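Hi everyone, thanks for coming. I'd like to walk through one model today, going from strands to helices to the empty spaces. Have the viewer open and follow along.

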Amino acid sequence: MTAGQVAPGNLLKVAVVGAGGISHRHAESYASTGRTELVGVADTVAEKAQTFAEKHGTKAYPGVTELLAAEAPDLVSVTTPPGSHAAIAIEVLAAGKSVLLEKPPVLSLAEMDAVAAAERTSAGSVYVVFQHRHGSGAVRAADLLANGALGTPQVAVCETLWFRPRGYFAPEWRGTWVGEGGGPTLGHGIHQIDLLLHLLGPWRTINATAVRLDRPVEFEDVSTASVIFENNAVATVINSLLSPRELSRIRIDTTGGTLEVNHLYGYADADWTYSPAPDQGDPWTASAGEDVPSNHEAQLGRLVDDLLTGQNHDTTLAATRPTMEFVTALYASALTGRPVHRAELTPEHPFYRALNGGLPQTELSEAFTP
């Protein structure tokens, strides 16, 4: 058995790098499966690592290097600030271990491709947390849309209307290109964007606007986009951190009816509705099954099962590249003032290496000012 493989029937050995708030969701989700052993946590802040270790019954390490030297995890969750994801993933892959990256997985297409290159020479694999793909509502919607049971998609709306006060940006890494890589388009709306793409398939062209209206950040606090998909469906996408009545919504109008999900940070089946067009049937109701909410438990439970049984887990790094391409194109369109086609996003594109296109901050500040 080579490095990175899991012996059938064994517990999956997992570790966590980064002991911030979301790291506890990973630990709890792994524990809920009953099929994992948490072998360690690493954080550069010793107190945070120790607190996590005591809470979840594991060992604390000062960094990923020390953790990998002392333990032999099968899978490492990376829950650090996003600016560090690529480097940590590459180090874990070099040790022959698999990686689960919190969203956003990386800060640029260049970083994504660097991680992909490391994956190709590793015994490990890379997966990304996009848990909204894994709730039963999205699984059912994706299946019914793919087989044509809901008709042909024509019009869609994708909204991430959230609220983050100014104090949210107090940590030094927040609100900066270096630490966060981008605003609500990358760090918040990416969940709904990923689900929209998962349901509608490849996109073709984006025409976008991004502005900074209030928050103390280097990038946008609101963005909007008009999108054309390869199947000729059209969509509008809005991402906001200024919306006191928070809402996450996707609506897809097809030739067969209207499919809609309204929630905030996670949905259950009850949050989905389907309204058939006149004289159309209701395949949505007829296909109802077990209700699986779209939380970390849904995806991490499936990932653990897949790794222990030798199955492919579909939320891979490669499978999530279209989402990062979408985010890249949205920033490129907003900052250049012209539509961006997906086919343009080659390594020669000015926004391939950074979502700000490498523009000086003075120029960026002017671009985000309405």
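**Strands first**

Let's start with strand 1 and strand 2, which run parallel and are joined by six bridges. If you want a place to put your cursor, valine 17 stands opposite alanine 42 in strand 2. One caveat before I go on: this is a predicted model, so please hear everything in that light.

Strand 2 covers residues 36-42, and six of those seven residues are buried, so call it mostly covered. (By buried I mean under 20% relative accessible area, and I'll keep using the word that way.)

Now go to the other partner of strand 1. Which strand pairs with strand 1 in the parallel sense over four bridges? That's strand 4; strand 1 itself is residues 12-17. Here alanine 15 has valine 76 of strand 4 as its bridge partner. Stay on valine 76, as this residue also has a bridge partner in strand 5, namely valine 99. Strand 4 and strand 5, residues 98-101, are again parallel, with four bridges.

And which way do the side chains of strand 4 go? Leu75 and Ser77 point one way, Val76 and Val78 point the other way, and all of them are buried.

**The eight-stranded sheet**

Next, an open sheet. There are eight strands in it, in the order 13-12-11-7-10-9-8-14, and the pairing is mixed. At the edges we have strand 13, residues 272-276, and strand 14, residues 340-341, each pairing on one side only.

Let me pull out one pair from that order. Strand 11, residues 242-254, meets strand 12, residues 257-263, in the antiparallel sense, with six bridges between them. A handy marker there is isoleucine 252, whose bridge partner in strand 12 is leucine 259.

**Two covered helices**

Okay, helices. Helix 8 runs over residues 190-200, and ten of its eleven residues are buried. Those buried residues include Ile190, Ile193, Leu196, Leu197 and Leu200, but also His191, Gln192 and Asp194. Right after helix 8 comes glycine 201, with a positive phi near 90°.

Helix 11 is also mostly covered, with 14 of its 16 residues buried. I did a sanity check on its length: at 1.5 Å a residue, residues 321-336 should span 22 Å, and the end C-alpha atoms are 22 Å apart, so that agrees. Just after helix 11, glycine 337 takes a positive phi of about 75°.

**Towards the C-terminal residues**

A couple of individual residues. Histidine 349 sits in the loop between strand 14 and helix 12. Is histidine 349 buried or exposed? At 11% relative accessibility, histidine 349 counts as buried. Its side chain also reaches the backbone nitrogen of phenylalanine 351, at 3.0 Å.

Compare that with glutamate 366, found in helix 12, residues 361-367. Glutamate 366 has a relative accessible area of 60%, so this residue is exposed. Glutamate 366 and leucine 335 are 31 residues apart in sequence, while C-alpha to C-alpha they are 9.8 Å apart in space.

**Pocket and cavity**

Last topic: the empty spaces. The largest pocket has a volume of about 940 Å³. There are 40 residues lining the largest pocket, and Ile22, Thr79, Thr80, Trp173 and Arg174 lie nearest its centre. The elements giving two or more residues to that lining are helix 1 (21-33), helix 4 (85-94) and helix 7 (184-187). Of these, helix 1 gives the most, with three residues. What is the lining made of by class? We get 15 nonpolar, 17 polar and eight charged residues.

Then the cavity side. How many cavities of 30 Å³ or more does the structure hold? Just one. The largest cavity contains about 30 Å³ of space. Among the residues lining the largest cavity are Phe169, Glu180, His188, Val217, Phe219, Glu220 and Leu241. By class, that lining comes out as five nonpolar, three polar and two charged residues.

That's my tour. If you only look at two spots afterwards, I'd pick valine 76, with its partner valine 99 in strand 5, and the pocket centre, where Trp173 and Arg174 are among the residues lying nearest. Happy to take questions.

Key
Residues numbered from 1 in each chain as written. Predicted model: local features only at pLDDT ≥ 70, side-chain atom pairs only at ≥ 80, totals over all residues. Heavy atoms only, no water. 1 Å grid on protein atoms, 1.4 Å probe; cavity = no way out; pocket = protein on both sides within 12 Å on 5 of 7 lines; lining within 4 Å. Points joined across faces, edges and corners; volume = space filled by probe spheres on them. Nonpolar A, V, L, I, M, F, W, Y, C, P; charged D, E, K, R; others polar. Expected span 1.5 Å × (residues − 1). Buried < 20%, exposed > 50% of the residue type's maximum accessible area, 1.4 Å probe, protein only. Pairing = 2+ DSSP bridges. Polar contact = N/O pair within 3.5 Å; in protein donor to acceptor, adjacent residues only side chain to side chain.
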